[in-house]
Amino acid sequence: MKIPLVDLRRNIESIKSEINSAIDRCLENTAFVLGDDVKLFEEEFAKYCEVEYCVGVNSGTDALHLTLRSIGAGEGDEVITVPFTFIATAETIWMTGALPVFVDIDEETYTLSPFELRRFLSERWRNGIDKLTGKRIKGIIPVHLYGHPCNMEEIMEIAEEYNLFVIEDCAQAHGARVLFKGKLKKVGSIGNAGCFSFFPAKNLGAFGDGGAVITSYKMVKER
């Protein structure tokens, strides 16, 4: 008996009338790229994530890549992330010309270990340059995994101390909240930007592929 890795038929059946209605509306409006539905989604998702802006893109991979480009990552830079994630997290750093550098995960949460992050920076940092490679250490991509958020309070403290940007990879954590400075905050709303995937098998899947960048920084949104 053949058992598919991901079987979304029951999910689709439960909202089939809504999907068909949305497709029919798209066909009627001939708004096959962007259009009012995308604009409405961006507004509603930004509000849901408790940020100022949302930009819809075609995939979670492009969400990460475009955000890295908007923040200025490129040749001669390093961006810190974790080895325990989907390939796109490291791949998109490489696509900008920067070098992905791995810091280990916490054994209980499987997300970026603040202890290992601080240890890495204390050993390799010298006035913004990696002593081992000679490249600029530019930023961090913590990955929220299996709906479980990273320890953003400690990660942001370290990032501010070393003047690093933070892009949250939220591809598996839509709607998750984490305690930050005494308040529960949605993932993606804490760093410079948050990146989401709506691949059909994700926590919140699209009809096809899709992605989004959320941010409260106007410069990131405009770029």
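Let's start with a pair of strands: E2 (residues 77–81) and E3 (residues 99–102) run parallel and are joined by four bridges. Keep in mind as you look around that this is a predicted model. To get from E2 to E3, the chain passes through helix H5 (residues 87–95), and this β-α-β crossover is right-handed.

Now zoom in on one spot in this pair. Pro 100 is part of strand E3, and standing opposite Pro 100 is Val 79. Is Pro 100 buried or exposed? Its relative accessibility is 18%, so Pro 100 counts as buried, given that the cut-off for buried is under 20%. You can also check how the fold brings parts of the chain together here: Pro 100 and Asp 77 are 23 residues apart along the chain, and their C-alpha atoms are separated by 8.8 Å.

Next, find strand E11 (residues 211–215). How many of the residues of E11 are buried? Five of the five are, so this strand is largely enclosed by the rest of the structure. Look at its two faces in turn: Gly 211, Val 213 and Thr 215 sit on one side, Ala 212 and Ile 214 sit on the other, and all of them are buried, which leaves both faces covered.

Which strands does E11 pair with? One partner is E1, which runs antiparallel to E11 and is joined to it by five bridges. In this pairing, Gly 56 stands opposite Ala 212. Another partner is E10, also antiparallel to E11, with four bridges between them. Here Gly 194 has Ile 214 as its bridge partner. So Ala 212 and Ile 214, the two residues listed together on one face of E11, each turn up in a pairing as well: Ala 212 opposite Gly 56 and Ile 214 with Gly 194.

Let's move on to the empty space. Rolling a probe the size of a water molecule over the atoms shows where such space is left. The largest pocket holds about 1,600 Å³. It is lined by 37 residues, and the closest to its centre are Ala 22, Phe 41, Gly 205, Ala 206 and Phe 207. Helices H1 (9–14), H2 (16–29) and H3 (36–49), along with strand E1 (53–57), each supply at least two residues of this lining. E1 is the strand you just met as a partner of E11. By class, the lining of the largest pocket has 21 nonpolar, nine polar and seven charged residues.

The second largest pocket has a volume of about 410 Å³. Of the 22 residues that line it, Phe 86, Ala 88, Ala 171, Gln 172 and Lys 202 lie nearest its centre. Helix H4 (60–71), H5 and strand E10 (193–197) each give at least two residues to this lining. H5 is the helix from the crossover between E2 and E3. The lining of the second largest pocket divides into 11 nonpolar, eight polar and three charged residues.

One last stop: the cysteines. How many disulfides are there? The count is zero. Take Cys 54: the closest cysteine sulfur to its own is in Cys 49, and at 7.1 Å that is too far for a bond, since a disulfide needs the two sulfurs within 2.5 Å. Cys 170 tells a similar story, because its closest cysteine sulfur, in Cys 195, is 7.2 Å away, again too far. Cys 54 counts as buried at 8% relative accessibility, and Cys 170 counts as buried at 0%.

Methods: Residues are numbered from 1 along each chain as its sequence is written. This is a predicted model: local features need pLDDT of at least 70, side-chain atom pairs count only at pLDDT 80 or more; totals for chains, interfaces and linings use all residues. Side-chain values use heavy atoms; hydrogens and water are left out. Buried means under 20% relative accessible area, exposed over 50%, partly exposed in between (1.4 Å probe, protein chains only). Two strands pair if DSSP finds at least two bridges between them. A crossover is right-handed if, with the strands pointing away from the viewer, the path from the first strand over the helix to the second runs clockwise. On a 1 Å grid over the protein atoms alone, a cavity is a set of points where a 1.4 Å probe fits but cannot get out, and a pocket is an open set with protein on both sides within 12 Å along at least five of seven lines; lining residues have an atom within 4 Å of a point. Grid points are joined across faces, edges and corners, and a volume is the space filled by probe spheres set on the points. Ala, Val, Leu, Ile, Met, Phe, Trp, Tyr, Cys and Pro count as nonpolar, Asp, Glu, Lys and Arg as charged, and the others, Gly among them, as polar.
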